[in-house]
Structure formats: structure tokens, C-alpha cells
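Open the model in your viewer and keep the sequence panel in sight. The tour below goes stop by stop.

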Amino acid sequence: MSLVTISSLERITASKLAEMLLAAQAVEGVSGTGTGTGTGTEKGEGAGESSIAIVDVRDDDHIGGHIRNSMHFPSLSLDATMPALLRKLADKDTVIFHCALSQQRGPGAALRYLREREAAASGGEVNKAQKVYVLDRGFVGWQEVYGPDARLTEAYRKEIWQEGY
């Protein structure tokens with residue numbers, strides 16, 4: 001039985017995540033290990049060689065942009081896609097989940113991921129430590145500050161967000 005609960009999930013602020021992503025981009029730019037293309041977001045391919053993974057679990061509201069190199073795993077299909085998500089994130093040091101507001105779907109997905117990962121670890125399948133966070137205020141909070149910043153946000157559409165969420 002897992003001791004992780006919704007209330008014990010760690011949160012990360014948009015500013016801290018932006019700082020981490022920009023630092024990772026700088027390292028990838030110097031070492032040449034990152035893909036730099038950002039083309040994998042819709043297919044859930046993620047951030048190349050980065051040790052950080054961002055999982056966007058928005059469903060039909062996955063519009064108006066997304067965090068650069070994030071993976072889109074809609075919450076409504078997580079039952080079917082959780083095994084693939086576990087495999088994709090196995091080598092990551094840090095995993096951040098979010099939805100629109102990170103009040104229900106994002107934390108729920110993070111909790112489900114942690115519990116599935118814990119079950120896999122008890123079977124000897126997982127051996128790498130990971131930090132798992134929920135993005136505070138979700139994509140709505142993110143886009144308020146970083147929406148127009150092409151280094152951090154892809155496919156941003158300002159007109160969708162002008163009237164608020």
C-alpha cells in the first residue's frame with residue numbers, strides 16, 4: 001500500500017520549472033544531445049535526451065499551446081497508456097505532471113503514475129530514483145507568464161487566453 005496521497009504530492013512553480021528548462025536547454029545546446037526540434041509533443045516523444053519530462057494530461061482542452069517538449073497523455077486514456085508512460089519516463093530524473101489548473105487531472109495522474117511505478121518497483125522492474133511534481137496552477141498559470149516565450153511554450157495562441165480560462 002502506497003503512502004503517497006494527493007495532499008503529499010510535491011508542487012513546482014512555473015518560475016522554477018522555467019528555470020530548470022532553460023538550464024537544460026543551455027546544456028543541450030552546448031553538448032548537442034538535445035533534439036531541439038520540439039516535434040514530439042503531440043506523439044508523446046518528449047524532450048529528447050533531457051532528464052526532465054513534462055506530462056500534459058489535458059483532454060479536449062489541450063488547445064492554445066503547450067510547454068515546449070511536453071508529452072501529451074490525455075487523462076481520459078491514462079488507463080490504456082500508463083504502461084507506455086512508465087516506459088517513456090523510466091530514465092528521467094524529474095517528471096512534472098499538469099493539466100489546465102493542476103487541481104484534479106494533473107495531481108490524479110501524478111498519483112496514479114507514482115503508485116504504478118511503486119508497484120513496478122516492488123516487482124524489480126524500476127531501479128532509478130525520480131522526483132515527481134505537479135505544476136502549480138497548471139498550464140493556465142504557466143501561459144500567463146510564459147505563453148509568449150517561444151523558448152518555453154510551443155503553439156501558443158494568445159487570442160484563446162485573452163478572455164481568461
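What follows is a list of selections, each with a note on what is there.

**Whole chain**

Start with everything shown. This is a predicted model, so colour it by pLDDT first. The chain averages a pLDDT of 87, and 85% of its residues reach 70 or more. Now select residues 31-48. Here pLDDT stays under 50. The model still gives this stretch 32 contacts beyond four places in sequence.

Switch to cartoon. The protein chain has five helices and seven strands. Trace the chain along its sequence and the pattern reads β-α-β-β-β-α-β-α-β-α-β-α. Of its 165 residues, 47% count as buried. Take the contacts between residues at least 6 apart in sequence: 73% of them join residues at least 24 apart.

**The sheet**

Select the strands next. Five of them form an open sheet, in the order S1-S6-S5-S2-S4, with parallel pairing. S1 and S4 (71-72) are the edge strands, each pairing on one side only.

Zoom in on S6 (131-135). How many of its five residues are buried? Four are, which leaves S6 mostly covered. Look at one neighbour, S1 (10-12). S1 and S6 run parallel and pair over three bridges. Pick Glu10 and find its bridge partner in S6, Tyr133.

Then turn to S5 (94-98). S5 and S6 also pair in the parallel sense, over four bridges. Label Val95, whose bridge partner in S6 is Val132. Label Phe97 too; opposite this residue in S6 stands Val134. While you are here, check the side chains: in a regular strand they alternate between the two faces of the sheet.

**Helix H3**

Select residues 105-122. This is H3, with 18 residues. Put a distance between its end C-alpha atoms: they are 26 Å apart. Why does that agree with expectation? At 1.5 Å a residue, a helix of 18 residues should span 26 Å, so the two values match.

Show the side chains of H3. Its buried residues are Gly106, Pro107, Ala109, Ala110, Leu111, Tyr113, Arg117 and Ala120. What do these buried residues pack against? Their partners are strands S1, S5 and S6, together with helix H2 (78-89). Step just past the end of H3 to Gly124, which takes a positive phi of about 85°.

**The second largest pocket**

Stay with H3 and S6, and switch on a surface. Rolling a probe the size of a water molecule over the atoms shows where empty space is left. The second largest pocket holds about 160 Å³ of space. To find this pocket, select Val4, Ser8, Leu9, Glu10, Leu114, Arg117, Gln130, Lys131 and Val132, which line it. H3 and S6 each supply at least two residues of that lining. Two names should be familiar: Arg117 is among the buried residues of H3, and Val132 is the bridge partner of Val95.

**Trp142**

Finish at H4 (residues 138-146), where Trp142 is found. Is Trp142 buried or exposed? Its relative accessibility is 0%, so Trp142 counts as buried.

Show what surrounds Trp142. Leaving out residues up to four places away in sequence, Trp142 touches Ala14, Leu17, Ala18, Leu21, Ile67, Leu135, Gly147, Leu152 and Thr153. Pick Ala14 from that set. Ala14 and Trp142 are 128 residues apart in sequence, yet their C-alpha atoms lie 5.7 Å apart in space. Leu135, another contact of Trp142, takes you back to S6 (131-135).

Notes. Residues are numbered from 1 along each chain as its sequence is written. This is a predicted model: local features need pLDDT of at least 70, side-chain atom pairs count only at pLDDT 80 or more; totals for chains, interfaces and linings use all residues. Side-chain values use heavy atoms; hydrogens and water are left out. pLDDT is the predictor's confidence in each residue, from 0 to 100. Contact means heavy atoms within 4.5 Å. The expected span of a helix is 1.5 Å times one less than its number of residues. Buried means under 20% relative accessible area, exposed over 50%, partly exposed in between (1.4 Å probe, protein chains only). Two strands pair if DSSP finds at least two bridges between them. On a 1 Å grid over the protein atoms alone, a cavity is a set of points where a 1.4 Å probe fits but cannot get out, and a pocket is an open set with protein on both sides within 12 Å along at least five of seven lines; lining residues have an atom within 4 Å of a point. Grid points are joined across faces, edges and corners, and a volume is the space filled by probe spheres set on the points.
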